[in-house]
Amino acid sequence: MECNPKIVAFLCKWCSYTGADLAGTSRMEYRPNVHPIRVMCSGRIEPTFVLRACRQGADGVLICGCHPGDCHYQEGNYRCLRRFHLLQKHIRQMGIAPERLKLEWISASEGKQYAELVNSFTQTIRELGHCRVKETMELLT
Amino acid sequence: MEKQKIKMAVYWGAACGGCCVSVLDVHETLFDIVAAADLVFWPIALDTKYEDVEAMPDGHIDLTLFNGAIRNSENEHMAKVLRAKSRVLVAYGSCAHMGGIPGLANFSTKEEIYCRVYDESESTLNPDKSRPLVACEAGEGVLELPEFYNDVRSLADVTEVDYYIPGCPPQTERLVEVFTAIVTGAELPPHGSVIGAGNKAQCDECIRKKNAHKKITKFNRPWEVTDDGETCFMEQGILCMGPTTRTGCDYRCIEGNAPCRGCYGPTPDVSDPGGKMMSAIASIIDEKESGPIDEVLDGLVDPAGYFYRYSLPVSFLRRAVPRNR
């Protein structure tokens with residue numbers, strides 16, 4: 001059966017969520033696998049959010065924030081970038097492919113880029129297949 | 001009339017014995033404890049058999065300190081027996097509280113551990129690839145061994161726990177305070193509380209000097225820098241679990257010029273201790289581009305093992321996903 005992945009996307013309110021909104025209002029078509037969650041800033045996204053998403057069955061996690069230098073709070077996106085690199089290192093140790101976690105900068109005008117990103121990331125996750133985190137954590141042996 | 005003594009038990013699951021020794025560290029206060037309590041079960045010191053405990057009526061023991069994680073069927077069985085026999089069951093020490101050091105075995109599977117121990121270790125010769133059996137026939141009858149589980153769990157994962165006393169091992173003064181409260185019939189905190197520890201983070205009251213704006217440009221292993229003995233470890237580039245760890249230990253490690261390792265567990269309301277710590281550490285790296293950030297992170301050799309040193313089995317990702325199945 002073809003993998004129909006669940007992807008959780010954390011989008012910052014100021015740029016990326018607005019960008020995603022633009023993709024929608026411009027009636028661009030893109031894969032329906034992404035479940036967006038709006039946060040005030042990509043700097044608000046704690047590693048715990050990502051780990052919880054994995055634990056609850058996400059096959060991939062997408063994080064989007066404002067381009068470097070554009071953060072509404074000046075440097076939230078830099079904090080996000082640092083956490084992202086540490087998290088990738090961490091999930092690799094936990095047996096999760098680091099490719100399942102992706103960070104991209106999407107500005108409020110980049111609806112098209114957002115739609116393309118969702119399509120390409122969905123394709124990456126489809127090729128990786130379902131993430132076994134949820135079933136591994138539920139199975140006690 | 002002499003006041004009735006309380007009945008007390010101390011038991012170890014998957015533990016190193018340090019928690020039991022921390023009970024002995026009460027020194028001469030032990031006389032007060034023995035005056036107030038009968039120790040009915042304590043494998044490190046007394047020869048009470050499991051059958052004797054199983055024969056006790058339910059609720060017979062007033063206070064049980066259970067230390068150690070749940071690693072095998074024996075640990076789980078005794079956890080359930082002691083739960084039934086005890087009025088107050090306390091998860092004593094990091095292992096019972098959060099899985100502790102034995103919980104790091106959750107980075108491997110049972111088969112990987114068996115393979116290392118019974119096949120690959122340098123001193124082992126095992127051409128038949130023998131493995132421990134749960135039961136085997138012998139001349140004397142059936143011999144049994146506890147079943148080794150794939151997953152290490154905390155005490156609360158297998159039975160209901162009344163209180164948690166964190167620490168590796170818990171600070172003995174905290175034990176005495178808790179014990180005194182129980183003996184004197186003082187009002188106990190709500191069921192499920194962490195007791196014998198503070199609610200603030202170590203950094204809040206740390207005795208070392210701190211700057212308001214911390215930046216990390218390089219992670220050092222402790223032997224790579226000469227600690228000046230007074231500046232915050234983090235500012236010297238040495239990882240310290242202070243930002244997310246509870247107080248209560250009286251800064252034993254810091255006073256001994258060693259960074260905090262996080263044995264007292266996370267502050268209240270933290271759902272994933274390692275995740276919180278990663279959040280705190282990463283955000284103060286003094287770089288803004290991927291390449292240099294990765295270079296700084298290269299100094300963090302084992303992030304998962306470091307940030308979840310005591311808490312892996314109670315975290316969102318309580319074990320590593322097995323490589324191939």
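In this predicted model, Asp269(B) turns up in the loop between α8 (252-255) and α9 (273-283) of chain B. Although Asp269(B) is not a glycine, its phi is positive, at about 70 degrees. Most residues other than glycine have a negative phi, and most peptide bonds are trans. Asp269(B) also counts as exposed, because it has just 7 C-beta neighbours inside 10 Å, and the cut-off for exposed is 12 or fewer.

Chain B holds another residue of this kind. His27(B) is not a glycine either, yet its phi is positive, near 55 degrees. The place of His27(B) is the loop between α1 (18-24) and α2 of chain B. With 8 C-beta neighbours inside 10 Å, His27(B) is again put down as exposed. A departure in the peptide bond itself comes at Cys168(B) and Pro169(B), which are joined by a cis bond with omega about -10 degrees. Pro169(B) belongs to the loop between β9 and α7 (172-183) of chain B.

Helix α2 of chain B, which spans residues 29-36, contains Val34(B). Val34(B) has 12 C-beta neighbours inside 10 Å, so it counts as exposed. In sequence, Val34(B) and Ile6(B) are 28 residues apart, while in space their C-alpha atoms are 9.6 Å apart.

Now for the strands of chain B. An open sheet is built from six of them, in the order β2-β1-β3-β5-β9-β10, with parallel pairing. At the edges sit β2 (37-41) and β10 (193-194) of chain B, each with a partner on one side only. One of the pairings brings β9 (residues 163-165) of chain B alongside β10(B), parallel and over two bridges. In that pairing, Tyr164(B) faces Val194(B) of β10(B).

Turning to chain A, β3(A) and β4(A) run parallel and are joined by five bridges. Across from Ile63(A) stands Leu103(A) in β4(A). As for β4(A), four of its five residues are buried, so this strand is largely enclosed by the rest of the structure.

Two helices of chain A deserve a closer look, starting with α4(A). Helix α4 of chain A covers residues 111-128, which makes 18 residues, and from first C-alpha to last it reaches 26 Å, close to the 26 Å expected at 1.5 Å a residue. Its buried residues are Gly111(A), Tyr114(A), Ala115(A), Leu117(A), Val118(A), Phe121(A), Thr122(A) and Ile125(A). These buried residues take up an arc of only 160 degrees around the axis, which means that they lie on the same side of α4(A). An α-helix has 3.6 residues a turn, so residues three or four places apart point the same way. The cover over the buried residues of α4(A) includes β1 (7-12), α1 (16-25), β2 (34-39), β3 (60-65) and β4 (101-105) of chain A. After α4(A) comes Gly129(A), with a positive phi near 85 degrees.

The other helix, α3(A), also has 18 residues, which should span 26 Å at 1.5 Å a residue; its end C-alpha atoms are 26 Å apart, so the two values agree. Most of α3(A) is covered, with 15 of its 18 residues buried. Just after α3(A) sits Gly95(A), whose phi is positive at about 85 degrees.

What happens where the chains touch? The contact draws 28 residues from chain A and 27 residues from chain B. On the chain A side, α2 (47-55), α3 (76-93) and α5 (133-138) each supply at least two residues. The most comes from α3(A), which gives eleven residues to the side of chain A that touches chain B. That side of chain A divides into 13 nonpolar, seven polar and eight charged residues.The nonpolar interior comes last. The largest nonpolar core has 72 residues, of which Ile7(A), Ala9(A), Cys12(A), Cys54(A), Val61(A), Leu62(A) and Ile63(A) touch the most other members. Here again α3(A) gives the most, with seven residues in this core. Leaving aside residues up to four places away in sequence, Cys54(A) touches Val61(A), Ile96(A), Cys131(A), Val133(A) and Leu317(B). Apart from the largest core lies another, of 49 residues, including Val10(B), Ala91(B), Cys263(B) and Tyr264(B).

Technical notes. Residues are numbered from 1 along each chain as its sequence is written. Chains are lettered from A and ligands numbered from 1 in the order in which they are written. This is a predicted model: local features need pLDDT of at least 70, side-chain atom pairs count only at pLDDT 80 or more; totals for chains, interfaces and linings use all residues. The expected span of a helix is 1.5 Å times one less than its number of residues. A residue is buried if 20 or more other C-beta atoms lie within 10 Å of its own, exposed if 12 or fewer, and partly exposed in between; C-beta atoms are placed from the backbone. The arc is that of the directions from the helix axis to the C-beta atoms. Two residues are in contact if their C-beta atoms, placed from the backbone, lie within 7 Å. Ala, Val, Leu, Ile, Met, Phe, Trp, Tyr, Cys and Pro count as nonpolar, Asp, Glu, Lys and Arg as charged, and the others, Gly among them, as polar. A nonpolar core is a set of buried Ala, Val, Leu, Ile, Met, Phe, Trp, Tyr and Cys residues joined through C-beta atoms within 7 Å. Two strands pair if DSSP finds at least two bridges between them.
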